Amino acid sequence: MFYAIFSLRCYITETEMNTGEKMKDYIKIDNLKDCCGCGACVNICPCGAIEMKENEMGFFYPEVDEEKCVGCGQCRKVCVFCEKSVGANGEPLVYAAVTKNKEVLSQSSSGGIFTELAEAVIEKGGAVLGAAWDEDFSLRHICVNDKSNLDKLRGSKYVQSATGDTFKKAEELLKSGQYVCYSGTPCQIAGLKAFLKKGYDNLLTIDLICHGVPSVKMLRDDLAYFAKKKKIDIKDIKFRDKKYGWGVKGSLNGATANVKYNENTSPYYFYFLGGEVYRESCYNCRFPCEGRQGDITLGDYWGIRQELVSKMNGADIENGISCVLVNSDKGKKWLSGIESRLLMCASDRKSVEKRNKQLTGASVPTPEHNRLVKMYKENGYDAFIYGFKKNYKKRAVGFVKSLIPKKIKRKLAQLKG
Ligand SMILES: Cc1cc2nc3c(=O)[nH]c(=O)nc-3n(C[C@H](O)[C@H](O)[C@H](O)COP(=O)(O)OP(=O)(O)OC[C@H]3O[C@@H](n4cnc5c(N)ncnc54)[C@H](O)[C@@H]3O)c2cc1C
Ligand code: SF4
Ligand code: SF4
Ligand code: SF4
């Protein structure tokens, strides 16, 4: 039943018209929920007939140039939101883990496992593809083959990344025999695998636990609001700044000033954490319940139990602990290759799921989401600012909670179970 819904929603034209002329068999998105923007269709088109075009919410969707299209149907077949099965991995092995490298840990969003895996791939002469900021604060996937450039990929950026032509780039490298590590959201990894059509021994895929992504347009609007309000010339964004400890507090850094960036200061961050401004496909995400896409899944081990930490020989919960889901034999091999660089302890999926509901189901759109979409189209970013100010009570509670020391909060959360 679930599969049937997906395949029906993607409207595909393959019928004979009255004239006898055959309509071209290309992908057409009738419902925004049916496209995650992974870019697999763009990468696979042999004619360069597909372009990702921005809609009024700032999300990108494929648009086919009929003149260039030869009707081969490859874009439709590769689509992970249309195809019946995405071939997910089986039950994972689960660990709590953190890097021993304090410098890497301080710059990473959770336990720094991404960097350790990426460095291992580069040490074998490989390349790593992941999300990096552009100068104009758009986010796009890039390819890095030097450890000194890994800082561009490090850290969670809570906005959608454009994959561009990186699926093609990854294929090229894989075919040349190089090791490739591709990291991204589950839908991006599913898109890459669908594009590649076959497995490669030299490919390591890492997906993140993901509840959804807002658009770059929304983020840029927020940055413009901040720049004006705080009179800051923003040069860098950190959604998770470890100087505030392990959590979801970040900073905007300018040439002469830094300001706090979190749910109490930013309408964008407030609505991101509330799950109200995601791409429509995120509310229809098939990946939480269809199994993991990456060889390894990384996330924050929120609510980690003290008894696990005490088995991790000196790990400090305040600096971040990752949950690591090992979903394939290849993932197991790569993780054992970096084991000496980590403090690690076996756990189980249920324990991780307790505070990571994204592992069991997609985000649910709220009435506020529907209001924001309508208002953003009509009034632009003022819709966010208006809602943010109106929700001052919720934010005041958040602010008071933020005054409670982290150690006490974690203790309370653990007691709650
Ligand atoms: C949009 C988003 C939502 C997330 N939601 C959750 C959640 O609900 N629960 C949870 O436990 N963890 C979530 N995570 C994952 C978490 O924030 C960490 O990224 C993860 O634990 C890895 O941390 P790390 O310290 O090993 O590496 P880090 O260095 O912190 O992670 C860097 C990696 O993340 C990738 N990345 C960063 N931003 C993006 C992006 N926008 N799109 C694709 N790839 C990106 C980089 O390419 C790199 O591979 C989310 C991440 C993102 C990007
Ligand atoms: S049907 Fe073929 S040529 Fe036409 S847009 Fe799709 S992939 Fe490109
Ligand atoms: S392949 Fe990806 S970008 Fe293309 S239509 Fe399907 S979900 Fe959208
Ligand atoms: S929630 Fe699902 S559709 Fe949205 S970005 Fe994450 S993996 Fe992709």
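Begin with the whole protein chain of this predicted model and consider its contacts between residues at least 6 apart in sequence: 68% of them join residues at least 24 apart. Keep the chain selected and display its secondary structure, which comprises 16 helices and 15 strands. Of the 417 residues in the chain, 43% are buried.

**The nonpolar core**

Next, select A40, C41, L117, V128, V180 and V324. These are the residues with the most contacts inside the largest nonpolar core, which has 104 residues. Add helix 7, residues 186-196, to the selection; this helix gives seven residues to the core, the most of any contributor. Now colour domain 1 (2-78) and domain 2 (93-213 + 279-359) separately. Where does the core lie in relation to these two domains? Both domains give residues to the core, so it lies between them.

Centre the view on V324. Leaving out residues up to four places away in sequence, V324 touches Y95, A97, I113, I296, L298 and L335.

**The surroundings of ligand 4**

Proceed to ligand 4 and show the residues around it. Which residues are the closest to this ligand? They are C36, C187, C210, C282 and C285, among the 13 residues that surround ligand 4. By character, the shell around ligand 4 consists of eight nonpolar residues, four polar residues and one charged residue.

**Lysine 100**

Select K100, which is located in the loop between strand 5 (93-99) and helix 4 (102-107). Is K100 buried, exposed or partly exposed? K100 counts as partly exposed because it has 15 C-beta neighbours inside 10 Å, whereas a buried residue requires 20 or more and an exposed one has 12 or fewer.

With K100 still in view, add R341, L342 and L343; K100 is in contact with these residues, its neighbours within four places in sequence being left aside. Then select G314 and display the C-alpha atoms of G314 and K100. The two residues are 214 residues apart in sequence, and their C-alpha atoms are 9.5 Å apart in space.

**A hairpin**

Finally, select strand 3 (residues 50-54) together with strand 4 (residues 60-64). In which sense do the two strands pair, parallel or antiparallel? Their pairing is antiparallel and extends over five bridges. To see one position in detail, select K53, which stands opposite Y61 in strand 4. Strands 3 and 4 form a hairpin, with five residues between them. End the tour at G58 in the turn, where phi is positive, at about 95 degrees.

Technical notes:
Residues numbered from 1 in each chain as written. Chains lettered and ligands numbered in written order. Predicted model: local features only at pLDDT ≥ 70, side-chain atom pairs only at ≥ 80, totals over all residues. Core = buried A, V, L, I, M, F, W, Y, C linked by C-beta atoms within 7 Å. Helix = DSSP H or I, 4+ residues; strand = E, 2+ residues; numbered from the N terminus. Domains from an automatic or database assignment. Contact = placed C-beta atoms within 7 Å. Near = placed C-beta within 6 Å. Nonpolar A, V, L, I, M, F, W, Y, C, P; charged D, E, K, R; others polar. Pairing = 2+ DSSP bridges.
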